[in-house]
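Student: Please take a close look at the aromatic pairing in this protein. I would like the rings placed in the fold, along with the turns and backbone around them.

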Amino acid sequence: VTDKKWNNINGKSYTSAKYADYNGQTFVKLFPAVDAKVSLEYAVKTEKGELQIEVADSNDNVIFTENFTQSEKGKVELSLKGGENYQIRFNGKNTKGSYLCQWIAHKN
């Protein structure tokens with residue numbers, strides 16, 4: 001992360017960050033033990049630049065992606081395979097703002 005004012009917090013089921021001029025990528029990992037449906041909820045505040053959220057599996061197959069150039073909230077349902085490694089990635093391009101991303105797993 002190239003941002004002198006970067007500030008983030010990670011919990012068991014969420015990640016959040018605030019930034020003044022974010023360029024680069026951060027990510028959190030998900031490791032479902034069994035097949036699961038996951039609700040991914042996000043709140044993005046974009047004051048300038050662009051933020052992208054994407055979810056990819058261990059083979060780098062992107063199963064969800066969304067680009068933000070303005071503030072937005074949303075929710076998406078994803079099906080994750082048990083035993084597979086996933087990353088929720090946050091890609092910043094000269095962006096100022098913040099994000100909060102939460103995930104809730106529901107057994108199939």
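Tutor: What follows goes from the model and its fold to the aromatic pairs, and then to the strand pairing and the backbone.

This is a predicted model in which local features need pLDDT of at least 70 and side-chain atom pairs count only at pLDDT 80 or more, while totals for chains, interfaces and linings use all residues. Residues are numbered from 1 along each chain as its sequence is written, and side-chain values use heavy atoms, with hydrogens and water left out. The mean pLDDT (the predictor's confidence in each residue, from 0 to 100) is 93 for the protein, and 94% of its residues reach 70 or more. Confidence is lowest in E1, with a mean of 90, and highest in E4, with a mean of 97.

The protein has six strands and zero helices. Strands (E, at least two residues) and helices (H or I, at least four) are DSSP runs, numbered from the N terminus. Along the sequence the pattern reads β-β-β-β-β-β. Taken along the principal axes, the box filled by the C-alpha atoms is roughly 40 × 25 × 25 Å. Of the 108 residues, 39% count as buried, where buried means under 20% relative accessible area, exposed over 50% and partly exposed in between (1.4 Å probe, protein chains only). If contact means heavy atoms within 4.5 Å, then 74% of the contacts between residues at least 6 apart in sequence join residues at least 24 apart.

Now to the rings themselves. The structure holds seven aromatic pairs. In one of these, Trp6 and Tyr19 are stacked, at 5.8 Å from centre to centre and with 15° between the planes. Trp6 belongs to the segment before strand E1 (7-10) and Tyr19 to strand E2 (residues 14-30), so this pair ties together parts that lie 13 residues apart in sequence. The two partners do not share an exposure class: Trp6 is partly exposed at 21% relative accessibility, whereas Tyr19 is buried at 5%.

A second pair joins Tyr42 and Phe68 edge-to-face, with the centres 5.4 Å apart and the planes at 65°. Here Tyr42 comes from strand E3 (residues 36-57) and Phe68 from strand E4 (residues 62-68), so the pair ties together parts 26 residues apart in sequence. Tyr42 is buried, with a relative accessible area of 9%, and Phe68 is buried at 0%. As for the terms, rings of Phe, Tyr and Trp (its six-membered ring) pair if their centres lie within 6.5 Å, and planes under 30 degrees apart count as stacked, over 60 as edge-to-face and the rest as tilted.

Beyond single pairs, there is an aromatic cluster made up of Trp6, Tyr19, Tyr22, Phe90 and Tyr99. The stacked Trp6 and Tyr19 pair thus has both its members in that cluster.

The strands that carry these rings can be taken next. E1 and E2 run antiparallel and are joined by four bridges; two strands pair if DSSP finds at least two bridges between them. One of the partnerships sets Asn10 against Thr15 in E2. With three residues between them, E1 and E2 form a hairpin.

E3 and E4, which hold the edge-to-face pair, are also antiparallel, with six bridges between them. Val55 has Phe64 of E4 as its bridge partner. These strands form a hairpin with four residues in between.

Beside Phe68 in E4 stands Asn67, a residue of E4 too. Asn67 is partly exposed, at a relative accessible area of 42%. Leaving aside neighbours within four places in sequence, Asn67 is in contact with Glu50, Leu51 and Gln52. The C-alpha atoms of Asn67 and Gln52 are 4.3 Å apart, although the two residues are separated by 15 places along the chain.

Last, the backbone. Most residues other than glycine have a negative phi. Asp60 has a positive phi of about 65° although it is not a glycine. This residue is in the loop between E3 and E4, and Asp60 is partly exposed at 46% relative accessibility. Asn94, also not a glycine, has a positive phi of about 45°. Unlike the loop residue Asp60, Asn94 is found within a strand, E6 (residues 86-107). Asn94 is partly exposed, at 44% relative accessibility.
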